[in-house]
Amino acid sequence: DLGLKAPVTRLDDYWFELEMARQTLLEHFGVATLEGYGCAHLPLAIRAAGAIIHYLQETQKGALGQLTRLTTYATASFMALDEQTQRNLELFQSGRSGGARGSLLSVIDLTRTAMGGRLLKRWLSQPLLDIIQLTPRQEAIGWFGENTIARNQMISILSGIADLERLVNRVKSSLALPVELVSLRRSLEAIPRVGECLGDSLRWLREGLKDCRDVVALIAGAVEEQPSSSLGEGGVIKTGLSPELDNLRLMSRDARQYLANLERREKERTGIKSLRVGYNRVFGYYIEVSKANLAQVPPDYIRKQTLVGGERFFTPELKEYESLILNARERLSELETALFRQTCSQVGAASDRILAVANTLAHIDVFSSLAEARSMHKKAHHVV
């Protein structure tokens with residue numbers, strides 16, 4: 001009994017063989033040695049990590065692109081807190097209510113980003129024992145505690161930053177929506193303001209704010225500020241990026257105008273005021289005339305479909321335009337989708353930089369929120 005509440009899938013022993021696991025890791029990360037990851041001489045760690053990669057290759061191949069880093073840590077670096085200890089300390093659940101309200105996390109978690117929230121929870125569940133690593137954390141919290149204006153500015157900036165880790169993973173997995181790419185761009189646009197807020201202090205944090213101006217420019221030049229919710233309708237890719245797409249959009253707009261003009265023109269020509277031009281996926285474009293007006297239908301109308309209340313017709317001119325419209329629409333959908341996927345691929349190539357920024361922002365979020373929690377506690381104490 002492993003004490004796990006989740007279903008357990010037992011894997012064949014050969015998945016955990018050292019050489020197979022090592023080769024799986026080397027191939028996945030595209031390296032010749034595991035020395036750079038700090039696990040080259042940790043056979044059990046290699047076996048476990050290799051088996052995980054192998055399992056994902058078998059079951060969730062699309063998720064593999066999200067695994068771009070391998071890090072090694074020792075449990076000796078952290079204080080061991082089992083579930084019972086966590087409950088007794090009320091780290092994540094209140095002993096009285098059993099819910100999150102009243103727990104330590106609920107009291108001190110003033111983080112503004114999803115990344116910061118996850119980091120704070122991880123730190124609480126794995127308290128550091130290494131004073132060398134703890135000291136910079138204390139200094140950062142102290143700096144934000146002393147610099148109230150900078151702290152307030154930072155909190156304001158962080159409140160507008162999306163979950164970069166999640167967005168990058170969606171981009172790399174080809175699952176991102178157009179609006180999510182815009183959200184990623186807007187979040188990355190805030191990086192210079194974060195750096196300005198830090199000024200010359202906390203240099204080790206500022207170094208983590210990698211330059212992503214090229215990614216911002218890439219998305220800004222490719223995707224509309226307020227893109228349509230779905231791809232393929234011509235409302236996602238910016239005008240000017242692709243002359244062919246611009247021409248197809250123009251044809252589509254002209255076609256809609258043509259159909260509106262056709263309906264007006266045919267009403268005047270036939271004298272049938274209730275005549276209408278319509279479209280459905282099965283029959284395409286048609287001219288619909290009610291039963292009462294069938295006697296006024298001109299000879300060049302060709303019957304297309306009989307209805308209970310009338311008939312649907314087409315003309316050679318409408319048929320020709322239908323082919324033009326549908327071909328343009330299909331090509332527009334293909335091209336816009338391809339251009340969006342290409343943009344996602346280019347953004348995904350910068351994923352390491354974006355994830356480094358996300359990690360730095362998470363740290364800044366935790367430091368500023370803990371300083372804010374301390375400030376609020378002091379004010380409350382004075383009031384009492």
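Select Arg137 first and show what surrounds this residue: with its neighbours within four places in sequence left aside, Arg137 is in contact with Trp123, Leu128 and Phe367. The model on screen is a predicted one, and Arg137 is found in helix 6 (residues 131-146). Turn the view until the ring of Trp123 is seen from its face, where Arg137 lies over that face at 3.6 Å from the ring centre. Which side chain of opposite charge is nearest to Arg137? It is Asp130, but at 9.6 Å away, and Arg137 is buried yet has no salt bridge.

Keep Trp123 and Phe367 in view and add Trp204, since Trp123, Trp204 and Phe367 form one aromatic cluster. The count of aromatic pairs in the model comes to eight. In one of them, Trp204 and Phe367 have ring centres 6.0 Å apart and planes at 70°, and the pair is therefore edge-to-face, planes over 60 degrees apart being counted that way. Because Trp204 lies in helix 11 (residues 203-206) and Phe367 in helix 15 (residues 351-383), this pair ties together parts that are 163 residues apart in sequence. Colouring by accessibility sets the two partners apart: Trp204 is partly exposed at 40% relative accessibility, whereas Phe367 is buried at 0%.

Next, select Tyr279 and Tyr285, whose ring centres are 4.6 Å apart and whose planes stand at 40°, so that this pair is tilted. Tyr279 is partly exposed, with a relative accessible area of 33%, while Tyr285 counts as buried at 6%. Tyr285 also leads to a core of 16 residues, which includes Ala255, Val297 and Leu318 as well.

For the largest nonpolar core, which has 66 residues, select Phe144, Leu164, Leu184, Leu188, Leu198, Ile354 and Leu361, the residues with the most contacts inside it. Helix 15 gives the most to this core, with eleven residues. Centre on Ile354, which touches Val168, Leu184, Leu188, Cys212, Val215 and Val347 when residues up to four places away in sequence are not counted. The 16-residue core visited with Tyr285 is separate from this one. In soluble globular proteins, nonpolar side chains tend to be buried together.

Turn now to the charged side chains, among which the count comes to 24 salt bridges. Select Arg118 and Asp163, whose closest N and O atoms are 2.9 Å apart in a salt bridge. Their pair links distant parts of the chain, 45 residues apart, with Arg118 in helix 5 (residues 114-125) and Asp163 in the loop between helix 7 (148-158) and helix 8 (164-172). Arg118 is partly exposed, with a relative accessible area of 38%, and Asp163 counts as buried at 15%.

Move on to Glu288 and Arg276, whose side chains meet in a salt bridge at 3.5 Å, N to O. Glu288 belongs to strand 2 (residues 284-290) and Arg276 to strand 1 (residues 276-280), so the pair ties together parts that are twelve residues apart in sequence. Glu288 is buried at 19% relative accessibility, and Arg276 is partly exposed at 35%.

Then select Glu322 and Lys304, a salt bridge in which the closest N and O atoms are 3.7 Å apart. Here Glu322, in helix 14 (residues 316-348), is linked to Lys304, in strand 3 (residues 302-306), 18 residues apart. Glu322 is buried, with a relative accessible area of 8%, and Lys304 is partly exposed, with 21%.

Finish with Arg185, Arg186, Glu189 and Glu225, which are linked in a network of salt bridges.

Methods: Residues numbered from 1 in each chain as written. Predicted model: local features only at pLDDT ≥ 70, side-chain atom pairs only at ≥ 80, totals over all residues. Heavy atoms only, no water. Phe/Tyr/Trp six-rings, centres within 6.5 Å; stacked < 30°, edge-to-face > 60°. Helix = DSSP H or I, 4+ residues; strand = E, 2+ residues; numbered from the N terminus. Buried < 20%, exposed > 50% of the residue type's maximum accessible area, 1.4 Å probe, protein only. Lys NZ or Arg CZ within 6 Å of the ring centre and 35° of its normal. Lys, Arg positive; Asp, Glu negative; His and termini not counted. Salt bridge = Lys/Arg side-chain N within 4 Å of Asp/Glu carboxyl O. Contact = heavy atoms within 4.5 Å. Core = buried A, V, L, I, M, F, W, Y, C linked by side-chain atoms within 4.5 Å.
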